[in-house]
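Got the viewer open? Let's walk through this one together, one selection at a time.

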Amino acid sequence: MTPTEQADTAFQRARSPEAKAAREQAILDAARALATRRGIREVTLTDIADEVGMHKSAMLRYFETREEIFLRLTADGWREWTPAVCERILAASSTSGVAAAFAATLAERGTFCDLLAQAPMNLERNVSVDAVRAFKLTTGASLDQLVDAATATLPGLTRPAAVDLVATATSLAGTFWQISTPPPPIAELYRSDPRLGHALIDLEPRLRRILTAYLDGAVKS
């Protein structure tokens with residue numbers, strides 16, 4: 001029996017809830033590792049199955065689609081990022097400090113930024129209604145925490161403006177990450193042709209400047 005067949009047999013024997021949860025986590029970990037190395041768009045369901053040591057048909061007992069796997073990872077990303085950025089927001093004392101908290105914590109999480117860009121375009125479109133509901137409940141809980149932290153630090157910031165702040169930060173982080181990480185041949189093209197210098201961007205400082213400008217206008221004195 002080959003290693004893959006042995007792994008398939010082990011997965012087929014996972015009957016308890018604990019064993020099923022462990023298999024699901026193994027799949028998520030494999031997908032995350034591949035996404036970090038290659039970028040989400042380059043990772044197929046077969047790639048994930050090979051990485052975790054399963055046949056694709058066996059893996060489909062745990063997740064219905066590739067998109068469901070990555071949507072789960074996006075939700076995990078929100079849960080991991082939210083307390084980290086809230087801690088930095090609450091330690092800030094100015095609009096620039098809050099902007100820096102968002103920009104720095106997002107720039108530190110490249111795969112999460114990639115997921116933020118992919119979620120509305122692809123990941124929410126080939127999954128069940130229940131999967132989307134679970135994802136939106138996660139992002140909604142994170143949004144409440146982020147809004148609470150931002151309005152506590154900046155008393156002149158209204159809750160609707162804080163919601164817009166989170167939407168702006170996460171949307172731009174996803175977009176800027178895509179722009180700032182082109183394939184190596186394209187990156188070399190941008191570096192070698194002075195006329196294309198505008199195509200090279202650094203995610204963190206640009207996001208920080210934009211969010212600072214937004215907050216300076218949104219905070220009511």
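Helices here are DSSP runs (H or I, at least four residues), strands are DSSP runs too (E, at least two), and both are numbered from the N terminus. This is a predicted model, in which local features need pLDDT of at least 70, side-chain atom pairs count only at pLDDT 80 or more, and totals for chains, interfaces and linings use all residues. Residues are numbered from 1 along each chain as its sequence is written, and side-chain values use heavy atoms, with hydrogens and water left out.

**Stop 1: the whole chain**

Show the cartoon for everything. The protein chain has eleven helices and zero strands. Its C-alpha trace spans about 70 × 45 × 30 Å along the principal axes.

Now color by burial. Buried means under 20% relative accessible area, exposed means over 50%, and partly exposed is in between (1.4 Å probe, protein chains only). On that scale, buried residues make up 46% of the 221 residues in the chain.

If you like contact maps, pull one up, taking a contact as heavy atoms within 4.5 Å. Of the contacts between residues at least 6 apart in sequence, 68% join residues at least 24 apart.

**Stop 2: helix α2**

Select residues 17-38, which is α2. This helix has 22 residues and reaches 31 Å from its first C-alpha to its last, close to the 32 Å expected at 1.5 Å a residue. The expected span is 1.5 Å times one less than the number of residues.

Which residues of α2 are buried? Show A19, E24, I27, L28, A30, A31, L34 and A35 as sticks, and you have them. An α-helix has 3.6 residues a turn, so residues three or four places apart point the same way. To see what the buried residues of α2 pack against, add α3 (45-52), α4 (56-59), α5 and α7 (110-121).

Three α2 residues deserve a click:

- E24 counts as buried because its relative accessibility is 13%. Leaving aside neighbours within four places in sequence, E24 is in contact with Y62, F63 and R72.
- A22 is also in α2, and it is partly exposed, with a relative accessible area of 40%. Draw a C-alpha distance from A22 to T46: the two are 24 residues apart along the chain and separated by 20 Å.
- T36 sits in α2 as well, and at 53% relative accessibility it counts as exposed. Its C-alpha is 9.9 Å from that of R109, 73 residues away along the chain.

Step just past the end of α2 and you reach G39, which takes a positive phi of about 95 degrees.

**Stop 3: α2 against α5**

Keep α2 and add α5, residues 66-91. Two packed helices are described by the angle between their axes and the distance between the axes. Here the angle is about 85 degrees, and the axes are 10 Å apart. That makes α2 roughly perpendicular to α5. The axes are lines fitted to C-alpha atoms, for helices over the stretch in contact, and angles run from 0 to 180 degrees between N-to-C directions. Under 35 degrees counts as roughly parallel, over 145 as roughly antiparallel, 65 to 115 as roughly perpendicular, and the rest as oblique.

For the contact itself, show E24, I27, L28, A31, R32 and A35 from α2, then I69, F70, R72, L73 and D76 from α5. By class, this contact has seven nonpolar, no polar and four charged residues. Ala, Val, Leu, Ile, Met, Phe, Trp, Tyr, Cys and Pro count as nonpolar, Asp, Glu, Lys and Arg as charged, and the others, Gly among them, as polar.

**Stop 4: the nonpolar core**

A nonpolar core is a set of buried Ala, Val, Leu, Ile, Met, Phe, Trp, Tyr and Cys residues joined through side-chain atoms within 4.5 Å. Which members of the largest core touch the most others? Select I48, F70 and F102, which do so among its 63 residues. α5 gives the most to this core, with ten residues.

Center on F102. Apart from neighbours within four places in sequence, F102 is in contact with W81, V85, I89, L146, L165, V166, A169 and L211.

**Stop 5: a loop and a tail**

T65 is in the loop between α4 and α5, and it is buried, with a relative accessible area of 15%. Not counting residues up to four places away in sequence, T65 touches L45, N126 and V127.

Finish at V219, in the segment after α11 (203-218). At 25% relative accessibility, V219 counts as partly exposed. Not counting residues up to four places away, V219 touches T95, L154, G156 and L157.
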